[in-house]
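Reader: Hello! I am new to this structure and would love a close look at a single part of it. Could you walk me slowly through one helix and its surroundings?

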Amino acid sequence: MSNTVSKNVYELALERLRVVFKEFDNIYLSFSGGKDSGVLLSLCIDYIRKNQIRKKLIIFHMDYEIQYKVTLDYVDRVLENNKDILEVYRVCIPFKVSTCTSMFQSYWRPWDESLKDMWVRPMPEGCLTKEDFDFYTPEMWDYEFQFYFANWLHEKMDAVRTCCLIGIRTQESYNRWRSVYQNNKYQMYHNYRWTSKIGTDVFNAYPLYDWKTTDIWIANGKFKWDYNKLYDLYYMAGVNLERQRVASPFLSEAQESLSLYRAIDPDTWGRMIGRVNGVNFTGIYGGTYAMGWQSIKLPKGYTWKTFMQFLLSTLPEPARRNYLKKLMVSIDFWRNKGGCLSDDTIRKLKDAGIPITVMNNSNYKTTKKPVRMEYLDDINIPEFKEIPTYKRMCICILKNDHVCKYMGFAMTKDEVNRKKKVLEQYKDLLL
């Protein structure tokens, strides 16, 4: 395992758990069934048993209805084998969940009662449903539900301080790195870098934030912990170690591996096809240029701009308006404000004869320079994703990337305001 200040990550994780179990009277663990939350749960189980802690650890499991059977078996097995020390909150809620398999819809709903006859599997016994949560609304997204659940549990337990243990590692993504390293001291619990405040007396904690993927598997092997055997199947299928993830199968990151359901869990695959729009097509063509992967091909007789216009003409009106709105925002941004590019990328644009205006000052904390320019049809440089082109927009449409993450879009102003409103309501409830 990797070392930090003469202690390995396992020893550091135990130190963090000691802090959590000492400082917080209400502790719950967000358990997905993946490798990271699985190792965090195993660490907690060992810690509780070795230290003879009498209070049960609460497990928060969001059941998304559609999942590999082997994952469900692992979740059921580890919870059943440790029921003497765990208190389980398994929630089956029809909140909104993002999907990139459909050009018609940007979200789907697990456990949608209007589609009960199409559910992939029966709702598990003893689970909590929308009737158990007075804060639930049909407009709620899954990430919003997590915020409200923390408050709901904090009040239910009449807690002094609540801690949610989350098994994320900064190695996984920039967003995860940012969730740990961009907190200021007022957002942390007693200046512990691996914590973040989400409400009054309510905190998230990330005891595994500095672990690597190899650390996860070394720990499972060394301590003979139970784990999700889906990862064995991924390995046998040739899936790269860093790409082996247990997540919603309909996210853009899962498009390439969606077809593995057909081989690994054919029964579930058969039910998925009729459950969520676009699953079969994505299963066949995910990871190919038909859905914006690999080397996307321009049809004969088209420019990338006219091809984009053709693709937009095939979409339903709401989806078309969404992409056009994103495009107009991007065009205005590059024309009037400018995107930040490195000196090397600027040189390549100048060498290619692209008209650009380079400015010296940027409002962002970066050494890159803001560059104003018009949209291009295409450009053949390694930094293609950083440059505004109609080809890039075509890729978003083919990927069913409704948010346009591929173009670097973050949440819209409306989405930011909605999240801000949720957080404000959430904090008000905790006062």
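Author: Happily; what follows is a tour of helix 4, its aromatic partners and the sheet that one of those partners belongs to. Please keep in mind that this is a predicted model.

Let us begin with the helix itself. Helix 4 covers residues 142–156. Its 15 residues reach 20 Å from the first C-alpha to the last, close to the 21 Å expected at 1.5 Å a residue. Just after the helix comes Asp158, which takes a positive phi of about 50 degrees.

Is helix 4 mostly covered or mostly open? It is mostly covered, with 11 of its 15 residues buried. Among them are the aromatic residues Phe145, Phe147, Tyr148, Phe149 and Trp152. Asp142, Glu144, Asn151 and His154 are buried as well, and so are Ala150, Leu153. In a helix of this kind there is a simple rule to keep in mind. An α-helix has 3.6 residues a turn, so residues three or four places apart point the same way.

Now pick out Phe149. Its relative accessible area is 0%, and because the cut-off for buried is under 20%, Phe149 counts as buried. Which ring does it meet? The partner is Tyr28, with the ring centres 5.6 Å apart. The planes stand at 75 degrees, and since an angle over 60 counts as edge-to-face, that is the name for this pair. Tyr28 is buried too, at 2% relative accessibility.

The pair also makes a link along the chain. Tyr28 belongs to strand 3 (residues 26–30) while Phe149 sits in helix 4, so the two rings tie together parts that are 121 residues apart in sequence.

These two rings have company. Ring pairs link Tyr28 and Phe149 into a cluster that also takes in Phe60, Tyr64, Tyr89, Phe95, Phe133, Phe135, Phe145, Tyr148 and Trp152. Across the whole structure, a search finds 34 aromatic pairs.

Another of these pairs involves the loop between strand 3 and helix 2. There, Phe31 and Tyr74 form an edge-to-face pair, 5.8 Å centre to centre and with 65 degrees between the planes. Tyr74 lies in helix 3 (residues 69–81), so this pair ties together parts that are 43 residues apart in sequence. Phe31 is buried at 1% relative accessibility, and Tyr74 is buried at 1% too.

Strand 3, the home of Tyr28, leads us to the sheet. Strand 3 is part of an open sheet of 6 strands in the order 5-4-3-8-10-9, with mixed pairing. Strand 5 (86–91) and strand 9 (195–199) are the edge strands, each pairing on one side only. From one strand to the next, the twist averages 25 degrees.

Further along the sheet, strand 8 (residues 162–166) runs parallel to strand 10 (residues 202–205), and 4 bridges join them. Within this pairing, Thr162 stands opposite Val202 in strand 10.

Two helices pack on this sheet. Helix 1 (residues 9–23) touches strand 3, strand 8 and strand 10, and its direction makes about 155 degrees with that of strand 8. Helix 2 touches strand 3, strand 4 (57–62), strand 5 and strand 8, and makes about 145 degrees with the direction of strand 3.

To find your way back, return to Tyr28 in strand 3 and cross to Phe149 in helix 4.

Terms used: Residues are numbered from 1 along each chain as its sequence is written. This is a predicted model: local features need pLDDT of at least 70, side-chain atom pairs count only at pLDDT 80 or more; totals for chains, interfaces and linings use all residues. Side-chain values use heavy atoms; hydrogens and water are left out. Rings of Phe, Tyr and Trp (its six-membered ring) pair if their centres lie within 6.5 Å; planes under 30 degrees apart count as stacked, over 60 as edge-to-face and the rest as tilted. Buried means under 20% relative accessible area, exposed over 50%, partly exposed in between (1.4 Å probe, protein chains only). The expected span of a helix is 1.5 Å times one less than its number of residues. Two strands pair if DSSP finds at least two bridges between them. Axes are lines fitted to C-alpha atoms, for helices over the stretch in contact, and angles run from 0 to 180 degrees between N-to-C directions. Contact means heavy atoms within 4.5 Å.
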